[in-house]
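Work through the following exercises with the sequence and the model at hand. Each task is followed by a solution in steps.

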Amino acid sequence: MKYFYFLFSAIITTALFTSCAGNKNLQVRPPAQFESVYTVTDASSVKLFIPVKTLQTNRVSLDSVYFRGMSAVLEQDELTPGMFSARFNTGKPDLIMSSDTWEEYANKMPVKAGKSPFNLEEDEAILVFSQNNKTKYYKITGIREREGN
């Protein structure tokens, strides 16, 4: 009976440790050739810029990014080819406070920020991309802070 208890415990422990997806199948090879990734911070947000040298758009699409405990959708800059960016709100929105409830009706409902399932350093981000219709993840390191415009 002790043998079965030990075997059962070992199987459950192994299953728990192997099912934890801490790294979410991080890719070793980048999905594109990146230049220096950087951020620009202003009073209410942090904007992450990912300059891409080459990207096989027929096979790979850059979807979103996790950065500093938040997530955001990646958008391609229309004016600068190969520049992708994501904006992370860090400030509080302006609220209308009034004794008339109809004036406060213009306030927008708060949106809960998407939480990151990854433990990242301050200069790291996880790029979420699709390749051949499969979602994959790539860790970007060495992100630099630049002065705002």
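**Exercise 1. Place Thr-39 in the fold and describe its surroundings.**

Step 1. Thr-39 belongs to strand S3, residues 38-41; helices (H or I, at least four residues) and strands (E, at least two) are DSSP runs, numbered from the N terminus. The structure is a predicted model, in which local features need pLDDT of at least 70 and side-chain atom pairs count only at pLDDT 80 or more, while totals for chains, interfaces and linings use all residues. Residues are numbered from 1 along each chain as its sequence is written, and side-chain values use heavy atoms, with hydrogens and water left out.

Step 2. Thr-39 is buried because its relative accessibility is 0%; buried means under 20% relative accessible area, exposed over 50% and partly exposed in between, with a 1.4 Å probe and protein chains only.

Step 3. Leaving out residues up to four places away in sequence, Thr-39 touches Val-46, Lys-47, Leu-48, Phe-67, Arg-68, Ile-143, Arg-144, Glu-145 and Arg-146. Contact here means heavy atoms within 4.5 Å.

Step 4. The side chains of Thr-39 and Glu-145 also share a polar contact of 2.7 Å. Such a contact is a pair of N or O atoms within 3.5 Å; within protein, one must be able to donate a hydrogen and the other to accept it, and residues adjacent in sequence count only if both atoms are side-chain atoms.

**Exercise 2. Determine whether Lys-108 is buried or exposed, and locate it in the chain.**

Step 1. Lys-108 is in the loop that runs between helix H2 (101-104) and strand S9 (125-131).

Step 2. Its relative accessibility is 72%, so Lys-108 counts as exposed.

Step 3. Leu-95 is 13 residues away from Lys-108 along the chain, and their C-alpha atoms are separated by 8.2 Å.

**Exercise 3. Give the strand order of the open five-strand sheet and follow its pairings.**

Step 1. The order is S1-S10-S9-S5-S6, with mixed pairing. Two strands pair if DSSP finds at least two bridges between them. Strands of a sheet pair through backbone hydrogen bonds, either parallel or antiparallel.

Step 2. S1 (26-27) and S6 are the edge strands; each has a single partner strand, so one side of each is left without a neighbour in the sheet.

Step 3. S1 and S10 run parallel and are joined by two bridges; Leu-26 has Tyr-137 as its bridge partner in S10.

Step 4. S9 pairs with S10 in the antiparallel sense over seven bridges, and Val-128 stands opposite Tyr-137. The two strands form a hairpin with two residues between them, and Asn-132 in the turn has a positive phi of about 55°.

Step 5. S5 and S9 are antiparallel as well, over seven bridges, with Leu-62 opposite Phe-129.

Step 6. S9 is largely enclosed by the rest of the structure, because seven of its seven residues are buried. Ala-125, Leu-127, Phe-129 and Gln-131 point one way, and Ile-126, Val-128 and Ser-130 the other.

**Exercise 4. Describe the nonpolar cores.**

Step 1. The largest core has 22 residues, and those with the most contacts inside it are Leu-48, Ile-50, Leu-62, Leu-74 and Phe-88. A nonpolar core is a set of buried Ala, Val, Leu, Ile, Met, Phe, Trp, Tyr and Cys residues joined through side-chain atoms within 4.5 Å.

Step 2. Strands S4 (45-54), S5 (60-67), S6 (70-73), S8 (83-89), S9 and S10 (134-140) each give two or more residues to this core.

Step 3. Another core, of five residues, lies apart from it and includes Phe-118, Ile-126, Val-128 and Tyr-137.

**Exercise 5. State how many aromatic pairs the whole structure contains, and examine Phe-67 with Phe-88.**

Step 1. The search finds five pairs. Rings of Phe, Tyr and Trp (its six-membered ring) pair if their centres lie within 6.5 Å; planes under 30 degrees apart count as stacked, over 60 as edge-to-face and the rest as tilted.

Step 2. The ring centres of Phe-67 and Phe-88 are 5.8 Å apart and the planes meet at 45°, so this pair is tilted.

Step 3. Phe-67 is in S5 and Phe-88 in S8, so the pair ties together parts 21 residues apart in sequence. Phe-67 is buried, at 1% relative accessible area, and Phe-88 is buried at 1%.

Step 4. Ring pairs also link Tyr-66, Phe-118 and Tyr-137 into a cluster.
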